[in-house]
Amino acid sequence: METMIQINHLSKAYKGNNIVSNVTMHIEKGEIYGFLGPNGAGKTTIMKMILNLVKPTSGEIVVLNQPVLQTSFQYLQHIGSIIEYPVFYDRVTAADNLKYHCDYTRYDGEDRIQEVLETVGLKGVGNKKVHEFSLGMKQRLGIARAILTKPGILILDEPINGLDPVGIKDIRMLLLELKNDYGMTILISSHIVSEIESIADTIGIINNGQLIKEVKMSEIKRENVEYLEIKVTDSKQASLVLERKLNIHDYEVMDLETIRVYQQDVSQSVINKELVLNDIVVNRIETQQSNLEEYFLNLINGGK
């Protein structure tokens, strides 16, 4: 698989404080790379360094097989981006904002303005002034501007911040369309785990400026096997029944009322029956599967 963005041992320090420390990342062609971490973890700083808006203290960035130097700029014609919130000329129309972008980038593509507005779900509002737009419409207009010049790479910094559930769903579907129908490589940052889980092919988890893990979503799904979650009145007593009566040892007591059984050779019905026969009140018993949020929190909290 072709690598579109390669980051090697990247660091950035401000006034002696390490904001980003020794980060290495690989973003492959045609994938959605979810950059996941708490606010202030270093996501935006890394994105700015990829775009040469911030200069690294040390390390290397390679985009489209070309190293990014302090004076590099030509590679940016292959990248569309939104860093933090998109900014527009609020008192002019959406279409005119995109026209100004064509002029600024010297891109001969004004005929694409209506096309990209339609692609992002803003058909028919090109003549509406931006100050009349909702936050979700502004985010979509930002993406329209980012894809106007037909870039191969799209870099989006927290594009769903502040959106309602409908707006979040719209952006999610749009990003999948840009990947599947237009072949774009997308780097998207977020602190909302569920949204990264729903669209990403690869995730990079960052905390305190350090990349903790880079992993394929398919691998996470393989690793996180199903388990039986049991809600009882007394998890300590229930665990004794599991061990002594059913010879179940692969389990975890989560709290005073919750047990997770990972052992697969004893059925849910047998477990439920044995607990009841031993006067354990079972409030709920159901099969579940670990998700990206649990995986993320485990890593952030120091788990492996």
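In sorting a lining by class, Ala, Val, Leu, Ile, Met, Phe, Trp, Tyr, Cys and Pro count as nonpolar, while Asp, Glu, Lys and Arg count as charged. By that scheme, the lining of the largest cavity in this predicted model has 7 nonpolar residues, 2 charged residues and no polar ones.

Start with that cavity. The structure holds 1 cavity of 30 Å³ or more. The volume of the largest cavity is about 50 Å³. Which residues line the largest cavity? They are Ile160, Ile168, Ile171, Arg172, Leu175, Ile188, Glu195, Ile196 and Ile199. Two helices, α5 (165–182) and α6, each supply at least two residues of this lining. The largest share comes from α5, with 4 residues.

Now take one residue of that lining, Glu195. Glu195 sits in helix α6, which spans residues 193–199. Is Glu195 buried or exposed? Its relative accessible area is 14%. Glu195 therefore counts as buried, since the cut-off is under 20%. What does the side chain of Glu195 pair with? A polar contact of 3.0 Å links it to the side chain of Arg172. Arg172 also lines the largest cavity. Leaving aside residues up to four places away in sequence, Glu195 touches Ile160, Ile168 and Arg172. Each of these three is also in the cavity lining.

Next comes the open space. General background first: rolling a probe the size of a water molecule over the atoms shows where empty space is left. The largest pocket encloses about 1200 Å³. It is lined by 27 residues, and the closest to its centre are Ile79, Ser81, His101, Tyr104 and Thr105. Strand β6 (79–82) and helices α2 (94–105) and α4 (135–147) each give at least two residues to the lining. Helix α2 makes the largest contribution, 5 residues. By class, the pocket lining has 16 nonpolar, 9 polar and 2 charged residues.

Finish with the backbone. Most residues other than glycine have a negative phi. Two loop residues are worth a look here. Lys15 has a positive phi near 50 degrees. Lys15 lies in the loop between β1 (3–14) and β2 (17–28). How accessible is Lys15? Its relative accessibility is 88%, so Lys15 counts as exposed; the cut-off for that class is over 50%. Asn247 is not a glycine either, and its phi is positive at about 55 degrees. Asn247 belongs to the loop between α8 (235–246) and β12 (251–255).

Conventions:
Residues are numbered from 1 along each chain as its sequence is written. This is a predicted model: local features need pLDDT of at least 70, side-chain atom pairs count only at pLDDT 80 or more; totals for chains, interfaces and linings use all residues. Side-chain values use heavy atoms; hydrogens and water are left out. On a 1 Å grid over the protein atoms alone, a cavity is a set of points where a 1.4 Å probe fits but cannot get out, and a pocket is an open set with protein on both sides within 12 Å along at least five of seven lines; lining residues have an atom within 4 Å of a point. Grid points are joined across faces, edges and corners, and a volume is the space filled by probe spheres set on the points. Buried means under 20% relative accessible area, exposed over 50%, partly exposed in between (1.4 Å probe, protein chains only). A polar contact is a pair of N or O atoms within 3.5 Å; within protein, one must be able to donate a hydrogen and the other to accept it, and residues adjacent in sequence count only if both atoms are side-chain atoms. Contact means heavy atoms within 4.5 Å.
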